[in-house]
Amino acid sequence: MTTILWFRQDLRTDDNPALLVAAARGPVIPVYLWAPEDEGEWPYGGASRWWLHHALAALETRLAALGSRLVVRTGRAVSALPKLLKETGATRVVAARRYEPAAAAVEAELAERLGPAFERVDSSLLHVPESIRTGTGLPYQVYTPFAKNCRMQAKPPRPQRAPSSLEAPPTWPRSEPLDALGLLPTIDWAAGMRAAWTPGETGALAALRAFVAGPVARYALERDLPAVVGTSRLSPHLHFGEISPRRAWYAVEDALRKADNAEFSRNAEKYLAELLWREFGHHVLVHFPHTPTSPLRAEYAAFPWRRDKATLRAWQRGVTGYPLVDAGMRELWATGWMHNRVRMVVASFLVKHLLHSWLDGARWFWDTLVDADLANNTLGWQWAGGCGADAAPYFRIFNPVLQGEKFDTDGAYVRRWVPEIARLPNDALNAPWKAPSSALARAGVTLGVTYPQPIVAHDEARERALAALAEVSLAKGARS
DNA sequence: TGAAATGTTGGGGCG
DNA sequence: ACGCCCCAACATTTC
């Protein structure tokens, strides 16, 4: 009995339950459908498309090693999959479930159309989002009790290895060449991404091994240092399902057990908690599917965010005059990724210093991040905007100068991404406008010429944000 | 997974 | 020796 294995955001052979289900039944036809129309308001951005191209190429290679292929088609799932079933005589479609509203709607339509011939498995999260509930049966809106609940659940199943081979169908359906999808940029801006990343499950497993062998032992401290490779850097791999969260979870938990050391445990637990933030993001998205475009806290819906193009563009291009902010935005532009500590700083800056909507930030990240993920991106931006689940309170305003001094003490991160001020001494690096003119001259910096003056003064911007955002809380208080 | 303002404490300089 | 002041260091409160 031939089965169509519909790859979605599970572009791997390792620990892939949908693949195992399909393989257990007989011949398997692995399929990827390129259908931007199926993504609703959030079709893949440029950086994601670049990654996807290479992820699919890597998947083709992996499947070839199993004696199989990847059939690539363009077209919406509701028409393409029934057509493929007819064409191949396959009797079933198996797929790993996705949790974005548009993707879930597509699956619901398919379930109606194909009935029991369409089978979904949950394999991209540690826990099924619907299975985590508060005592009163409601979804969580705060991380800590959510994470506690997750830890009390039965442990997720251990990861399963890929089969050594897949049975091929009697005849292969037509496949489009990967290049025909047009995922790669027409002008090559991806050099920085190629240098920074190895898309595909081999690259994902290598990244996990490297993380568990080194940085995880110092994670609590070093995950906050943007100049240090102190994080797992698994986010794009997890987003595209090149590695399963269970593989990552158990690699770290097993290392923790084996080390049998309180200090190692403390660090490793911090990482497990981060994996649960990913779970939390998906939980919130499933239960509050309007949040990608609307604030979870409704009192923020009417906030008069600023709309001027100039300051938004300065933020996007990394020319705000605040070195840590500019470094982050340029790292994002060059590599498709930004260190998480710096994501918080640039997000706070956009929303609070510049008073631009968190949604403007979310859209920019969507287009530029290789790990753009609707659940995580929405949670992160609503956190920064103060309008989401377990969000930062309105008065929490990051000072980009202090954040730089605290987390990039030796200036290595800022110097790497903002080379025009690299020769400034450490004590001037995060606030060039305060440096004596002699120091600026020695470093070859002319403010307003070689590096911008700050586009807003921190103190004034802070007061402005506090005054404006305090009204939101007042409005809420008055209503309740 | 803040920062700034305000309050408290205690050591040391000094008359 | 003592009281007074200054201020750094730390704690608490406020935004």
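1. V216 is a convenient place to start: V216 sits in the loop that joins α7 (201-213) to α8. Helices here are DSSP runs of H or I with at least four residues, and strands are runs of E with at least two, numbered from the N terminus. V216 counts as buried because 27 other C-beta atoms lie within 10 Å. The term buried means 20 or more other C-beta atoms within 10 Å of the residue's own, exposed means 12 or fewer, and partly exposed is in between, with C-beta atoms placed from the backbone. Not counting residues up to four places away in sequence, V216 touches F211, V252, A255, N267, A268 and Y271. Contact here means that the C-beta atoms of two residues, placed from the backbone, lie within 7 Å. V216 and R462 are 246 residues apart along the chain, and their C-alpha atoms are separated by 35 Å.

2. On the basis of the model: this is a predicted model, in which local features need pLDDT of at least 70 and side-chain atom pairs count only at pLDDT 80 or more, while totals for chains, interfaces and linings use all residues. Residues are numbered from 1 along each chain as its sequence is written, and chains are lettered from A and ligands numbered from 1 in the order in which they are written.

3. On the domains of chain A: the assignment gives domain 1 (3-123), domain 2 (125-156 + 201-287) and domain 3 (298-475). These bounds come from an automatic or database domain assignment. Between the C-alpha centres of domain 1 and domain 2 there are 25 Å. Each side brings residues to the contact, 17 residues from domain 1 and 17 residues from domain 2. On the side of domain 1 that touches domain 2, α2 gives the largest share, five residues. By class, that side of domain 1 has seven nonpolar, three polar and seven charged residues. Ala, Val, Leu, Ile, Met, Phe, Trp, Tyr, Cys and Pro count as nonpolar, Asp, Glu, Lys and Arg as charged, and the others, Gly among them, as polar.

4. On helix α2: this helix covers residues 46-65, and its 20 residues should span 28 Å at 1.5 Å a residue; the end C-alpha atoms are 29 Å apart, which agrees. The expected span is 1.5 Å times one less than the number of residues in the helix. Just after α2, G67 has a positive phi of about 80 degrees.

5. On the core: the largest nonpolar core has 129 residues, of which I4, L5, W6, V31 and L56 touch the most other members. Helix α2 supplies the largest share of this core, nine residues. A nonpolar core is a set of buried Ala, Val, Leu, Ile, Met, Phe, Trp, Tyr and Cys residues joined through C-beta atoms within 7 Å. Nonpolar side chains tend to be buried together in soluble globular proteins. Beyond four places in sequence, L56 is in contact with L11, Y32, L70, V72 and L178.

6. On DNA strand B: the residues around this strand are Y143, W277, M344, A392, F395, R396, I397, F398, N399, L402 and Q403. A residue is near a strand if its C-beta atom, placed from the backbone, lies within 6 Å of it. The surface near DNA strand B divides into eight nonpolar, two polar and one charged residues.

7. On the loop between α16 and α17: A392 is placed in this loop, and 20 other C-beta atoms within 10 Å make A392 buried. Leaving out residues up to four places away in sequence, A392 touches W383, A384 and G386. A392 and L402 are 10 residues apart along the chain, with their C-alpha atoms separated by 18 Å. D390 also belongs to the loop between α16 (374-385) and α17 (400-407). D390 is not a glycine, yet has a positive phi of about 50 degrees. With 18 other C-beta atoms within 10 Å, D390 is partly exposed.

8. On R233: this residue lies in the loop between α8 (219-222) and α9 (235-239). Phi of R233 is positive, near 55 degrees, in a residue other than glycine. R233 counts as partly exposed, with 19 C-beta neighbours inside 10 Å.

9. On helix α15 (residues 358-368): D367 lies in this helix, as does A362. D367 is partly exposed, with 14 other C-beta atoms within 10 Å, whereas A362 has 22 C-beta neighbours inside 10 Å and counts as buried. Apart from neighbours within four places in sequence, D367 is in contact with G45, G46 and A47, and A362 with N377, T378 and W381.
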